[in-house]
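Open the model in a viewer and keep the selection panel at hand. The stops below go from the whole chain to single residues.

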Amino acid sequence: MNPIDYLRISLIDRCNFQCVYCMPEGADLNHVLREFWLDHEEILTLLKEVFIPLGFTKFRLTGGEPLLRPGIVQLVDEIAHLPETTDLSLTTNAFKLEKLAQPLYDAGLRRINISLDSLQPETFETIVGKPVAAEPVRWQQVWQGIQTAHRVGFDPLKLNVVVIPGVNDHEILDLAALTLDKNWHVRFIEFMPIGNDELFTNKGWIDSETIRQQIRDRWGLETSTIRGNGPADVFKIPGAKGTLGFISQMSECFCDRCNRMRLSADGWLRPCLLNETGQLNLRAALRNGEPIDSIRERVGSLVANKPEINFKMRESGTTGAYSRTMSQIGG
Ligand code: SAM
Ligand code: SF4
């Protein structure tokens, strides 16, 4: 069993996009009031006094869209400079990255994952949902953000692709081709029915092996020697500079190597993405004045129980019903 040492911290449940797979139309998107967000001090207290003493050293900032969180650069600076932090990364849609890439890098961030589901501006528009009036064309802005992050020196630069049948599956080869001459890691994520049962039922999902086969037929595919600490199976087109990752949470069970917990913007600690068992409200604990030792003890017990919680829903053959969308959980 892997040590559980990786915390995904959602900084905000709001987003400037409304991706069809993440914030489906009709989903309950009542945003958490700002007063219920963990503030920076609370996040740092939890890291320093609860998670780090329990062995957590790897942190990812996510959302919603984390670049919308006021003070993001300062927070990155503080987490990056905690002596125990061995890895800090951020997942973003890159819409605001052009301006923020350099300040984030200067604050100590080195790893960034960017969602990019299409290379075609029109397809991209259909995925990222309702346009916000007066915003410039969004694909171009995102692409600019990616180029800036590359120039600034983010390495590895990872691009996350959720493949939706009938929407962007015709672009699998074009997206994979981005790895041919750049050291980028393109990761295909199986689409998950979280908070979007209707979309899932109507369109289905494509498993990683089907995607790999398309790529294999075109260029061949070899197992990469580069291996992250996450759930991706990593491959490489022979001779390519970058790699291809496949995150197959639907077709495979990698619960036994799951090393992560999730903290929502409003302070709920969630041990497993696939079910809602065992969540703790750490915001309430802090604000009600629960002693930090007691909070650490409760989190420690949850960490100890995580392996059992991981397998719970898998064994019953269902991923359960979700009261939260991906944007609220943090992906
Ligand atoms: N806004 C940021 C972004 O889009 O990268 C960070 C938050 S987003 C919730 C984190 C990741 O979750 C993204 O890579 C996104 O593609 C993925 N995601 C969201 N909904 C998903 C779904 N239903 N199935 C699979 N991945 C999903
Ligand atoms: Fe926003 Fe990211 Fe969700 Fe898209 S995937 S709606 S960019 S949080």
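Start with the whole chain: of its 331 residues, 54% count as buried, where buried means under 20% relative accessible area, exposed over 50% and partly exposed in between, with a 1.4 Å probe and protein chains only. This is a predicted model, in which local features need pLDDT of at least 70, side-chain atom pairs count only at pLDDT 80 or more, and totals for chains, interfaces and linings use all residues. Residues are numbered from 1 along each chain as its sequence is written, chains are lettered from A and ligands numbered from 1 in the order in which they are written, and side-chain values use heavy atoms, with hydrogens and water left out.

Colour by secondary structure next. The chain has 11 helices and 12 strands; these are DSSP runs numbered from the N terminus, helices being H or I with at least four residues and strands E with at least two. Among contacts between residues at least 6 apart in sequence, 73% join residues at least 24 apart, a contact being heavy atoms within 4.5 Å.

Select helix α2, residues 72-80. Ile72, Leu75, Val76 and Ile79 are buried there. They lie on the same side of α2, because they cover an arc of only 100° around the axis; the arc is that of the directions from the helix axis to the C-beta atoms. To see what covers these buried residues, add the elements that include α1 (40-51), β2 (58-62), β3 (87-92) and α3.

Go to Gly63, in the loop between β2 and α2. Gly63 counts as buried, at 6% relative accessibility. Measure from its C-alpha atom to that of Ile9: the two residues are 54 apart along the chain, and the atoms are separated by 7.7 Å.

Now show ligand 2. Which residues surround ligand 2? They are Cys15, Phe17, Gln18, Cys19, Tyr21, Cys22, Gly64 and Asn93, each with a heavy atom within 4 Å. By class, this shell has five nonpolar, three polar and no charged residues. Here Ala, Val, Leu, Ile, Met, Phe, Trp, Tyr, Cys and Pro count as nonpolar, Asp, Glu, Lys and Arg as charged, and the others, Gly among them, as polar.

Phe17 leads on to the aromatic rings: Phe17, Phe95 and Phe124 form one aromatic cluster. A search of the whole structure finds eight aromatic pairs. Rings of Phe, Tyr and Trp (its six-membered ring) pair if their centres lie within 6.5 Å; planes under 30 degrees apart count as stacked, over 60 as edge-to-face and the rest as tilted.

Select Tyr105 and Phe154, an edge-to-face pair at 5.3 Å centre to centre with 90° between the planes. Tyr105 is in helix α3 (residues 97-107) and Phe154 in the loop between α5 (138-152) and β5 (157-163), 49 residues apart. Phe154 is buried, with a relative accessible area of 3%.

Phe188 and Phe246 make a stacked pair, because their ring centres are 5.7 Å apart and their planes at 25°. Phe188 belongs to strand β6 (residues 184-190) and Phe246 to strand β9 (residues 243-247), 58 residues apart.

Return to Tyr105: the charged end of Arg110 sits over its ring, 3.8 Å from the centre. The criterion is NZ of Lys or CZ of Arg within 6 Å of the ring centre and within 35 degrees of the ring normal. Lys182 lies over the face of Trp184, at 5.0 Å from the ring centre.

Finish at Ile146, in helix α5. Ile146 is buried, with a relative accessible area of 0%. Leaving aside neighbours within four places in sequence, Ile146 is in contact with Ala94, Ile114, Leu116, Leu157, Leu159 and Trp184.
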